[in-house]
Amino acid sequence: MMREDRLIIISNQEIKDFQSQYFTNAVNRKLKSNAQDRDHIPTVLLSDRKFVLTYDQNFTADLEGFPGFSVTVEKRPEDIPYK
């Protein structure tokens with residue numbers, strides 16, 4: 001990815017800024033995933049493609065239901081619509 005210049009680096013400050021802007025009390029109450037997974041939500045939502053592979057149903061519900069963002073969450077890589 002580095003050779004093809006496709007690697008996107010999201011800094012810790014960008015993640016903290018995202019959390020302070022979008023993780024309101026109302027959003028925090030609706031989240032179902034555990035604390036470790038909640039740290040990954042900004043990384044997914046700040047990415048360009050917004051594709052996720054996971055079996056965790058709570059994490060899936062949090063990503064798909066996050067207000068203002070559209071995310072593709074699948075269990076198998078062949079189900080992701082790469083272009």
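This short presentation concerns the nonpolar core, the aromatic residues and helix α5 of a predicted model.

I begin with the core. The largest nonpolar core of the model has 13 residues. Those with the most contacts inside it are Phe 23, Ile 41, Leu 45, Val 52, Leu 63, Phe 66 and Val 71. Two helices, α4 (41–46) and α5 (57–64), each supply at least two residues of this core. The largest share, three residues, comes from α4. As a general point, nonpolar side chains in soluble globular proteins tend to be buried together.

Ile 41 deserves a closer look. If its neighbours within four places in sequence are left aside, Ile 41 is in contact with Phe 23, Leu 31, Ser 33, Phe 59, Asp 62, Leu 63 and Phe 66.

Two of those partners lead to the aromatic residues. Across the whole structure, a search finds seven aromatic pairs. One of them is formed by Phe 23 and Phe 66, a tilted pair with 5.6 Å centre to centre and 45° between the planes. This pair links distant parts of the chain, 43 residues apart: Phe 23 is in the loop between α1 (12–22) and α2 (25–30), while Phe 66 is in the loop between α5 and β2 (72–74). Both residues are buried. Phe 23 and Phe 66 also belong to one aromatic cluster, together with Phe 18, Tyr 22 and Phe 69.

I turn next to α5. Which residues of this helix are buried? They are Phe 59, Thr 60, Asp 62 and Leu 63. Seen down the axis of α5, these buried residues fall within an arc of 165°, so they line one face of the helix. The general background is that an α-helix has 3.6 residues a turn, so residues three or four places apart point the same way. The elements covering the buried residues of α5 include α2, α3 (35–38), α4, β1 and β2.

Finally, I consider the approach to this helix. Thr 54 lies in the loop between β1 (51–53) and α5. Why does Thr 54 count as buried? Its relative accessibility is 14%, and buried means under 20%, so Thr 54 meets the criterion. Not counting residues up to four places away in sequence, Thr 54 touches Phe 59, Thr 60, Val 73, Glu 74 and Lys 75. The side chain of Thr 54 also reaches the backbone nitrogen of Asp 56 at 3.1 Å. Asp 56 in turn has a side-chain oxygen that reaches, at the start of α5, to within 3.1 Å of the backbone nitrogen of Asn 58.

Notes
Residues are numbered from 1 along each chain as its sequence is written. This is a predicted model: local features need pLDDT of at least 70, side-chain atom pairs count only at pLDDT 80 or more; totals for chains, interfaces and linings use all residues. Side-chain values use heavy atoms; hydrogens and water are left out. A nonpolar core is a set of buried Ala, Val, Leu, Ile, Met, Phe, Trp, Tyr and Cys residues joined through side-chain atoms within 4.5 Å. Buried means under 20% relative accessible area, exposed over 50%, partly exposed in between (1.4 Å probe, protein chains only). Helices (H or I, at least four residues) and strands (E, at least two) are DSSP runs, numbered from the N terminus. Contact means heavy atoms within 4.5 Å. Rings of Phe, Tyr and Trp (its six-membered ring) pair if their centres lie within 6.5 Å; planes under 30 degrees apart count as stacked, over 60 as edge-to-face and the rest as tilted. A polar contact is a pair of N or O atoms within 3.5 Å; within protein, one must be able to donate a hydrogen and the other to accept it, and residues adjacent in sequence count only if both atoms are side-chain atoms. The arc is that of the directions from the helix axis to the C-beta atoms.
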